[in-house]
Each structure stands twice: as C-alpha cells, then as structure tokens.
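Visitor: I would like a close look at one single part of this structure. Please take me through the charged and nonpolar side chains there, step by step.

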Amino acid sequence: MDHGVPAVAADQVLGIFAAARAGEFAEADPALAELLGREPAGLRDVLRDALRERTSAG
C-alpha cells in the first residue's frame, strides 16, 4: 500500500524547495511590475497584511 503524496507531486515540491534555497525566487523580473501595473509584493508583506485582516475581522 502506498502512503503520502504521489511521486510526481513530491518531485515538484522538492524542485520548488531546491530552487528557493538556490535563490532563484529572490528577485522578480522587472517585466512583472510592468504587467501588474505596480511593484510586486513580497511574501512577507502579503502574509503580514493577511494576518492583519484576519485579526481585525475577528
């Protein structure tokens, strides 16, 4: 009997983790800001804002 996630999914998650550790997501291409029409938000800012909204809504 198999347990856990399918090997394909585990490989994808591992690949994303390895890329993040290698700094491949450290900088956004300037084209992203142009496409969005604003500067992209960092994960830290997104999480902070989400937690703020959750705390003030409760």
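Guide: What follows is a walk along one helix and its side chains. Keep in mind that this is a predicted model. The part to look at is helix α3, which covers residues 43–57.

Start with the charges. Side chains of opposite charge can pair when their charged atoms come close. A search of the whole structure finds three such salt bridges. Take R48 and D45. Their side chains meet in a salt bridge, at 3.0 Å from N to O. Both residues sit in helix α3. They are three residues apart, or about one turn of the helix.

Now stay with R48 and turn to D49. These two also form a salt bridge. Here the closest N and O atoms are 3.1 Å apart.

D49 has another partner, R52. In this salt bridge the closest N and O atoms are 3.8 Å apart. A salt bridge needs the nitrogen within 4 Å of the carboxyl oxygen, so this pair counts. D49 and R52 both belong to helix α3. Again the spacing is three residues, about one turn of the helix.

Put the pairs together. D45, R48, D49 and R52 are linked in a network of salt bridges. Trace it on the model: D45 meets R48, R48 pairs with D49, and D49 pairs with R52.

How open are these side chains? Buried means under 20% relative accessible area, and exposed means over 50%, with partly exposed in between. D45 has 33%, so D45 is partly exposed. R48 has 38% and therefore counts as partly exposed too. D49, with 33%, is also partly exposed. R52 reaches 53%, so R52 counts as exposed.

Next, the nonpolar side chains. L43, V46 and L47 make a nonpolar surface patch. The patch has an area of about 300 Å². One of its residues, V46, has its place in helix α3. V46 counts as partly exposed because its relative accessibility is 43%.

To recap, look for two things. One is the salt-bridge network of D45, R48, D49 and R52. The other is the nonpolar patch made by L43, V46 and L47.

Methods. Residues are numbered from 1 along each chain as its sequence is written. This is a predicted model: local features need pLDDT of at least 70, side-chain atom pairs count only at pLDDT 80 or more; totals for chains, interfaces and linings use all residues. Side-chain values use heavy atoms; hydrogens and water are left out. Patches are made of residues with over 30% relative accessible area and no salt bridge: like charges are joined within 9 Å, nonpolar side chains (Val, Leu, Ile, Met, Phe, Trp, Tyr) within 5 Å. Accessible areas come from the Shrake-Rupley method with a 1.4 Å probe; for residues, only the protein chains shown count as cover. Helices (H or I, at least four residues) and strands (E, at least two) are DSSP runs, numbered from the N terminus. Buried means under 20% relative accessible area, exposed over 50%, partly exposed in between (1.4 Å probe, protein chains only).
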